[in-house]
Amino acid sequence: MNRETLGWTVVLLIGALGLFGRAMSKPEGMGKVYIKAVRIAPDSPTDTRTTFTKVEPKDSEAIVSVPRTVGVWIAALGTLAIFSFLYRDNVFYKLAESVFVGVTAAWAMVLGFWESIVDKLLRNLAPGLMRAWALPGLSDKQEPNYLYIVPLILGIMLLWRLVPRGAWIARWPLAVVVGTFAGLKLVNFLDADFVSQIRNTIIPLIVVVNGKVDPWASLRNTGLLVGVLSSLTYFFFSVEHKGFVGNVSRVGVWFLMVTFGASFAFTVMGRIALLAARVEFLFNDWLWLIDPGDKRPKGW
Amino acid sequence: MVLALWGFGSIESARAQDAALAAPTGLKAVDHPNDVGTSVDLTWTLSVDDNARAQPRVVNGYEIYRSLVDGDEREMVGEVPYGVEKFTDQQCTAGVPYLFEIISVGTGEQRSEPARLAKPITPIRQWIDRSRAWFGVIVVLVCGAVILFTRLARFGKATYVREIAGLQAIDEAVGRATEMGRPCLFVPGLQDMNEIPTVAGINILARVARTVAEYDATLTVPTARSLVMTSARETVQASCLAAGRPEVYDENLVYYVSDEQFAYVAHLTGYMVRERPAACFYAGTFYAESLILAETGNSVGALQIAGTAEASQLPFFVAACDYTLIGEELFAASAYLSREPQQLGSLKGQDAGKLLAGALLIVGCALATWAALAGNGSPAESMLVFLKDTILGRGGAG
Amino acid sequence: MFDFLKTLDRRWIFLAMLLAVSLPILAQKTFPEQPTLHVRNVFQKIEDLPEGSTIMISFDYDPGTTGELGPMTTALLRHCCLKRHKMLFLTLFETGSPVIDQAIKEVIEDEFAELELKSGEDYVNLGFKPGREVIIAVIGLNLRQAFPSDHSRTNLDDLPLTKNIVNLQDLDLILDLSAGYPGWKEWVQYAASPYGIPFAAGVTAVGAPQAYPYIPGQMLGILAAVKGAAEYEAALGEKYPKYRDPKLNEGIRRMAPQFWGHLLVIGLIVLGNCIHFADRWRGTP
Amino acid sequence: MKSTIPWLIAAATGFVMIAAYFIPAAQGWQGEVGTWFEILAAFAFVLGGANLFAYHLGKISARRAGWGYSGVTLVAFLVTLAAGMLKLGVPAPDRYPTNAWAGDFQFEGSVSWWLYWYLYNPLNATMFALLAFYVSSAAFRAFRAKNTEATVLLVTAFIVLLGRTYAGAWLTSSVPENYSALTFPGMTAIILAVGNTAGQRAIMIGIALGVAATSLKVLLGVDRSYLGSDGD
């Protein structure tokens, strides 16, 4: 064991002992999740099945949930494992990464199956069967829509890649996807971004308010127009950026830099908020060091 | 007995009279323009009792009823709260004449007399959306310019294209990776093949993969979407073939990770610190992960080239990468890299689009300034309205 | 010292950031907030709508960005409940439904328990449908084509609130809580802009600068991240004194770590530049 | 030839979609093709899943570096898949108590729900939160006034950062009302309204043209990289 490994082992041990000590020494402990039983169908006289829902510890019927308490600890340790990557790559991060990739990839498949294959494709192709199985709320009036055989066939063609011969068949559905959306995006972008943004930028360069010229508003509008035109000049590809064009495009670059600077500053704000939320999770839900929402009774 | 009942009834109706709500007036209906004939637009004048500030409120809202001309199939088609003077019934059938009624709704069961439509209205199906006619002209102009310059280029008209720094660096980056014996990483972004930036990214991948095959380096392409993986495999394979080295194509280096943004990122950052790629390419749609990728790439000393159309992520790529393709440059990249005259022609087409935008802006702002100085009712104002609402708008309706 | 700073290991910066955010959270102090114009516009719109208007709230984010959008979700929902507006919830994020459930539970069921708002009558949770912007385009014309039933699979025709809503054009206001794509931009492109429906958005900080060009043409206003939420909470507190208690205002509370984090970043930029110039000055004698 | 037929398919579907934009009767098609795409993407998950499975299985059987982690990924993948597909721990919904398959797979208390709230979500949010750290190191390292452009970016970022917190308002609180444009919040507002808006609009107009040109090249068959080569 080299010195660094030893050092980290000691740090981890002290951390674990600290946690253990805190959990034991305080009467209320830490990192517990409380639940209570509720009826699935509260208004039904016959259906008496129950399920559990999360409640605050203040609730009189609250009991500790083992799976959820374990969950909070796993979540907290996972959070620390990801943060540990900031120091450097390590076994905890690798573990967290592997679990994360596996869970999310499967999650995407599960969601695709229930929401797209069942709720979109099969609902339209075999409504009767779906009503009897997973979609009991499906309207009786729903008739099969055989147009949905087309995506079914395209989907099967896509899976042809798994067959050793004729992988080129998979290109057809790909072509349908790219072609369709190329057409769709062409008009949508020209409409919503090209035309609308031009329309929004048509503004008077001299602003008159109650018969008087408003110099500040006029200056602002002029600045806006100059900014848009010069930044557009920067994007010209077929003209050499020299002389007049060069100078204008340079001004355009400055405007772009102002844009980027503003974006950067705003982003800093958001990222800190996310970190604050994670730290609050550790302090509040796991360690019970703070109680900002007044959800736990004091000193019990 | 009969008389008594009659008398009682009259007292009732007299009471109702006292508290009667005023009906809305002036109900008008027009066929909803530019649709398939399933909608009718209704407008009316508010009931005189409809006063939003009155306490307690007298009129709570309106109910709208529709029936066939002979009075059959009368049904309520909508309710609107007080203070609202319009409603669009969207459940009509094209070519069928309808009658409409509207009544004020008070507290509890209180209802006014209905206001009726004077003559029936027949919704009509339109085949072409006229409100989009001018937009159609703009689409034709922009696309026409692209097609025209592509054609001209094919017939040997040389096109000048300015330098785009990031693109010239691709060869340098791949060469460096080869020398150092480390891999190249290509990240095609988070979006699927239905997004054009992804398609543009795949076009750049074609070129990168070809250079990599020529230099005999390795290229890893982890993807966040299964369809992108499929397409990227086709592309990389084709590029190896085009470089004359089909044997270097390894399907396992183009693989799917996870659809989840940050799981994908967790894998990519892990990959970067473990495999230490010498060159990282990011081309496609990127969100928050841009900075995690660029900073991690930077910390392992990779040369990084990024391109995205996401304006919010550009500052991070600009700050942390060696070269960045800004917005439109991402789409121009494939044309630039291919050096095919046709593709370069399309760039000139894009420039024509920008000229059109500039011209519209200058004319529009000149008109707006003139209108502001000339005041209300000037010819400039009507020209401005035509430009903004008809040419660049939606024809005023629909 | 200079050489230490010049070759500063970035892990020191990471540590500084961790402290700048953690310590204020433990200290739990708050700063006063002033609502800015864009936030006030959104507040005033919801305030001025007649009681019982129908508002659609699209939760286009997932628990990953609750840190930024959670506080404003609470504030907006609170305001809608105070005004007794009818609410329709949906999400275009595949992992978005849990956020809706949480918001319903915390605000509608717990905080406003005494109003006894009923699902189906006062609010309807439409849940998630895959399709991104396409869903918006579809429900712009026909709500039932994308959402034949609500989240608990009850037919929309059987719910008093949705019975007469054909499509988005029947709504009085659309609010979008947006963490990216699909989000406010798609709502502008496919709903607000084509049909002229009043629209406002709460956005993450990253999305905010891009949203400004759309105001006031296509959007009434925006709430930008935690700052926007804090300002909205302040606006709510001005009108309804009960909501001046910092315990109820997560946004205002979160502005403290925000403040110190900002200061640190500003300090780092200044420090970085000092090093840069000192280096240049030393390099060119 | 093998990319010519797909190109013709792409061109045909694309031009139909453009035309559909101008025909009221076809305006529902946007929605329809979107639904179809979702279905296709769901089919594609089989390709992605199969690939992930094969990739990690290959790594384990070849005992390549880090094969143990591949095992962890596979287990996590299979458990989540089974929990979601079989709706483990999901009771039948209150309205249809006899229909065990009708419940939502994310029902509170189910296995999928647990996986989501205690693995998926915290890991996801923490990865996201890492950005606060990277932002600070980028601020230190990359935001230096190396040239005019970088200085403009830097100064803007600086003003907006200050303008968006209490510190900015406090620092310039002595500036009189009439000159509110000179306070940090005032300058931030001007930067957002003029510089930022202008830049954003130019970028948007450029991107719209770029998307249009790229789409057109796809439809005209000028660029077919996404389909691979002619020889299979």
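The legends below describe close-up views of a predicted model.

**View 1. Surroundings of C:Leu220 in chain C.** C:Leu220 lies in the loop that runs between helix H9 (208-211) and strand S6 (222-224) of chain C. With a relative accessibility of 27%, C:Leu220 is classed as partly exposed, because the partly exposed class lies between under 20% and over 50%. Beyond its neighbours within four places in sequence, C:Leu220 contacts C:Asn41, C:Lys45, C:Leu173, C:Pro198, C:Phe199, C:Ala200 and C:Ile215. C:Asn142, 78 residues away from C:Leu220 in sequence, is 24 Å from C:Leu220 in space, C-alpha to C-alpha.

**View 2. The interface of chain D and chain A.** About 11000 Å² is buried between chain D and chain A, with 79% of this area on carbon and sulfur atoms. To the contact, chain D contributes 115 residues and chain A contributes 121 residues. On the chain D side, the residues that lose the most area to chain A are D:Phe43, D:Tyr69 and D:Arg201, which together account for 6% of what that side buries.

**View 3. Polar and charged pairs between chain D and chain A.** Two salt bridges are found across this interface. In a salt bridge between side chains, D:Glu108 meets A:Arg68 at 2.9 Å, N to O. There are also 20 residue pairs in polar contact across the interface, both residues being at pLDDT 80 or more.

**View 4. Elements of chain D that touch chain A.** Helices of chain D that give two or more residues to this side include H1 (4-20), H2 (29-61), H3 (67-85) and H7 (184-220). H7(D) gives the most, with 24 residues. By class, this side of chain D comprises 80 nonpolar, 25 polar and ten charged residues.

Key:
Residues numbered from 1 in each chain as written. Chains lettered and ligands numbered in written order. Predicted model: local features only at pLDDT ≥ 70, side-chain atom pairs only at ≥ 80, totals over all residues. Heavy atoms only, no water. Helix = DSSP H or I, 4+ residues; strand = E, 2+ residues; numbered from the N terminus. Buried < 20%, exposed > 50% of the residue type's maximum accessible area, 1.4 Å probe, protein only. Contact = heavy atoms within 4.5 Å. Buried area = accessible area lost by both parts, 1.4 Å probe. Salt bridge = Lys/Arg side-chain N within 4 Å of Asp/Glu carboxyl O. Polar contact = N/O pair within 3.5 Å; in protein donor to acceptor, adjacent residues only side chain to side chain. Nonpolar A, V, L, I, M, F, W, Y, C, P; charged D, E, K, R; others polar.
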